[in-house]
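Thank you all for coming. I would like to walk you through one structure this morning, so please take a moment to look at it before I begin.

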Amino acid sequence: MKLQDLLVYNDILIQCHDYPDPDSIASGFGIYCFMKSHGKKVRLIYSGIHDIRKPNLLIMIERLGIPIEYMREPEYEPELLITADCVHGERNVTDFKAGTYAAIDHHVSSRNSSELYEIRPDYASCSSIIAVMLRESGFDYNSNPDLATALYYGLYTDANSMSEVNHPADRDLRDFAKIEKELIPLLTNSVLSLREIQIAGEALNSINNDREHHFAVTCAAKCDPNILGYVNDLIIQVDTINVSVVCCFVSGGIRISVRSCINDINAVELTRFITDGIGSGGGHRQKAGGFISLDKMPDADPDTIVGFLIKRVTMYYENFDIIRAEEYTVDPEKMKIFVKKPQIMGFVTSDSIFGYGASFRVRSVEADFKVRASDDLIIMTDSRGSAYLIDRAKFDSTYEVTEGVFDVRADYHPHAICFDREPHKLNFSCCRSRGGAKVYARRLDRNTKLYTIWDSKNYISGMVGDYLVVRMDDQRDVYIIDRERFDEIYKEL
Ligand SMILES: [Mn+2]
C-alpha cells in the first residue's frame with residue numbers, strides 16, 4: 001500500500017492504539033502531516049479508559065505541536081479510519097466504526113488481509129515504516145523538524161534507546177532524521193515514575209535462574225517498555241547469568257527484552273525463536289527485543305508467560321549443534337558432491353561511486369559495512385539485496401561481465417552512505433559466475449551454528465533442511481546455505 005492510495009478519501013480519522021506510546025503518536029502524526037499537506041479533513045485521535053498522563057508523552061505532544069485528541073467514545077463515522085502502530089480489531093485499540101479501514105503497523109497481526117494494511121514486522125518501529133512511506137510519496141519528513149523529531153523518538157523508544165534497531169529503514173531514520181537535539185535528553189529523562197522504579201525492583205526480586213544453562217527469566221508488572229531494557233541490562237551483569245529474558249504486558253501483547261553476553265547465543269536469533277509464529281523480534285547479537293501478540297496467547301498471565309519463556313529458551317539451548325570450521329573434517333559417507341551452476345549477480349566497482357579513496361558504508365538488508373574505495377575492490381549483490389565485497393583478482397577469476405542492469409528484487413535496495421549525505425542508491429551491472437566449482441554438501445538434520453574460518457565470534461545459523469557446504473579445493477571453507485538458495489546455486493554431480 002502507498003500513502004497516495006489513501007488520497008481518494010476526504011474525511012479521515014487517524015487512530016493510535018489505546019494508551020499510545022511515542023511510536024504510535026509519531027506514526028499517527030506522520031500520516032496526519034501527509035494528509036494535511038493534501039488538504040484533507042483529518043483528525044488524529046486515541047482512546048482507552050484514561051487520557052495520556054506520562055510526562056515524556058505530554059512533553060512530546062506539547063513541544064512538537066502534535067494535534068492529537070483523546071476520544072473516549074466514537075463521535076462520528078469517518079469515511080476512512082487509519083490505525084497507526086496497531087490494527088483495527090486487535091485488543092489494544094478501541095473499536096471505532098468507519099466506512100473503510102487502513103492500517104500501518106510493525107506488529108504481526110492475524111488481521112492483515114486488507115489491501116490497505118501495511119504490516120512490516122521486520123521494522124523495529126512503526127515510525128520507520130512511516131518515514132519510508134512518506135519519502136516514497138514525495139513528502140520529506142525533514143522539512144518539518146517537529147515531525148522528524150517525533151519519528152526519531154518513536155524509533156528511539158521502540159528500539160530500546162536505539163540498541164535494538166533492526167531493518168535498514170530503522171538505521172536510515174536513526175542516521176538521517178534532522179532532529180531537535182536538545183529535546184531528546186529531556187524526553188528520555190522524563191520516563192521513570194516512582195512506581196516504575198519500584199516495578200524494576202520487583203522484577204529483579206523475582207528472577208528465575210536456570211543453573212544448568214545459565215539463563216534468567218523474569219516478568220515485570222505492567223510498565224513502560226523502557227523499564228524492560230533497563231532491568232535487563234542489570235540482570236545480564238550477574239556472573240552466573242549469560243542470557244536473560246524480561247517481559248511485561250503492554251497494550252495488545254507482551255513485550256520481551258533479550259540479552260546475551262556469550263558468542264554461542266545470538267540475542268536476535270533467540271528472540272525470533274521465542275516469538276516464532278506468535279509475534280516478531282529484532283535487534284543485535286547482544287541486545288534484542290520482541291513482541292508477542294495477545295491474540296496468539298489469549299490466556300497468558302505473568303505466571304504462564306514466565307513458564308512459557310523458560311520452556312522456549314530451554315528448547316532453544318537443547319536444539320542446536322555447534323560446528324567450528326577449523327576443527328571440521330568432511331565425512332564422505334555423509335556428504336554428496338555438488339557442482340555450482342552459473343549465476344547472474346550484480347556488481348559495482350567501489351571507486352565508481354564517490355571516487356578513488358573515498359570512505360563510505362554500504363547498507364544492505366543484513367548489515368552495514370565499511371568500504372575504502374579503490375579500483376581493486378568490488379561490491380557484489382544478489383537478487384535478494386544482500387551485499388558483500390570481493391577483490392578484483394577473485395572477481396576476474398570467478399565472474400565474467402555481461403550486458404544489462406542488475407535488478408534487486410528485495411524490500412531494501414543496497415545503498416552507499418558517505419558521512420551525512422543522503423544515501424546513494426547503488427546501481428549494479430550484471431555479471432555471470434563461471435560455475436563448475438565443486439563442493440561437498442549435506443542437508444542439516446539438526447539446527448546448527450557454524451563458526452567459519454573468517455569469524456570466530458559470530459556464528460552463522462542453519463536450520464533443519466538447510467545445507468552444510470564445504471569447498472572441495474579448500475576444505476577449511478565451510479559454510480551454510482538455506483535450502484532454496486542451495487537449489488538455485490548447486491546441482492548434484
Ligand atoms: Mn511501535
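Before I come to a particular hairpin, let me settle one term: two strands are said to pair here if DSSP finds at least two bridges between them. Please also keep in mind throughout that this is a predicted model.

Let me begin with the overall division of the chain, which falls into domain 1 (3-188), domain 2 (194-318), domain 3 (323-339 + 437-492) and domain 4 (342-433). The centres of domain 3 and domain 4, taken over C-alpha atoms, are separated by 25 Å.

I will now turn to the hairpin that I mentioned. Strand E18, residues 377-381, is mostly covered, with four of its five residues buried. On one hand, E18 pairs with strand E15, residues 344-349, in the antiparallel sense over four bridges, and within that pairing Phe 347 stands opposite Met 380 of E18. On the other hand, E18 is joined by five bridges to strand E19, residues 387-391, and these two strands again run antiparallel; here the bridge partner of Ile 379 is Leu 389 in E19. What lies between the strands in the hairpin of E18 and E19? There are five residues between them, and Gly 385 in this hairpin takes a positive phi near 85 degrees.

From there I would like to go back towards the start of the chain, to helix H1. Helix H1 covers residues 22-37, 16 residues in total, and reaches 22 Å from its first C-alpha to its last, which is close to the 22 Å expected at 1.5 Å a residue. Is H1 enclosed or exposed? Because 14 of its 16 residues are buried, H1 is largely enclosed by the rest of the structure. After H1 comes Gly 39, whose phi is positive, near 70 degrees. There is also a position before strand E1 (11-16) to look at, since the segment there holds Leu 7. Leu 7 has 15 other C-beta atoms within 10 Å and is therefore partly exposed, and although Leu 7 and Phe 34 are 27 residues apart along the chain, their C-alpha atoms are separated by 9.8 Å.

Next come the sheets, of which I will describe two. As a general reminder, strands of a sheet pair through backbone hydrogen bonds, either parallel or antiparallel. One open sheet is formed by six strands in the order E3-E2-E1-E4-E5-E6, with parallel pairing. Its edge strands are E3 (68-70) and E6 (117-119), each of which pairs on one side only, and the twist from one strand to the next averages 25 degrees. Inside this sheet, five bridges join strand E4, residues 80-84, to strand E5, residues 100-105, the two running parallel, and Thr 83 stands opposite Ala 103 in E5.

Another open sheet has five strands in the order E28-E27-E24-E14-E29, and its pairing is antiparallel. The edges are strand E28 (478-481) and strand E29 (490-492), each pairing on one side only, and neighbouring strands of this sheet are turned by 40 degrees against each other on average, direction ignored. Strand E14, residues 336-340, pairs with strand E24, residues 438-443, in the antiparallel sense over four bridges, and the bridge partner of Val 339 is Lys 438 in E24.

Let me add one pair of helices. Helix H9, residues 267-275, and helix H10, residues 302-318, pack at an angle of about 125 degrees, with their axes 10 Å apart. H9 and H10 are therefore oblique to each other, and H9 passes H10 in a right-handed crossing.

I will finish with a loop that deserves a careful look at its backbone. Most residues other than glycine have a negative phi. Which value does Asn 160 take, given that it is not a glycine? Asn 160 has a positive phi of about 45 degrees, and its place is in the loop between helix H4 (145-158) and helix H5 (168-176). Ser 161 lies in the loop between H4 and H5 as well, and its phi is also positive, near 55 degrees, in a residue other than glycine. As for their surroundings, Asn 160 is buried because 23 other C-beta atoms lie within 10 Å, whereas Ser 161, with 14 C-beta neighbours inside 10 Å, counts as partly exposed.

Note on methods: Residues are numbered from 1 along each chain as its sequence is written. This is a predicted model: local features need pLDDT of at least 70, side-chain atom pairs count only at pLDDT 80 or more; totals for chains, interfaces and linings use all residues. Domain bounds come from an automatic or database domain assignment. A residue is buried if 20 or more other C-beta atoms lie within 10 Å of its own, exposed if 12 or fewer, and partly exposed in between; C-beta atoms are placed from the backbone. The expected span of a helix is 1.5 Å times one less than its number of residues. Axes are lines fitted to C-alpha atoms, for helices over the stretch in contact, and angles run from 0 to 180 degrees between N-to-C directions. Angles under 35 degrees count as roughly parallel, over 145 as roughly antiparallel, 65 to 115 as roughly perpendicular and the rest as oblique. A crossing is left-handed if the near helix is turned anticlockwise from the far one by less than a right angle, and right-handed if clockwise.
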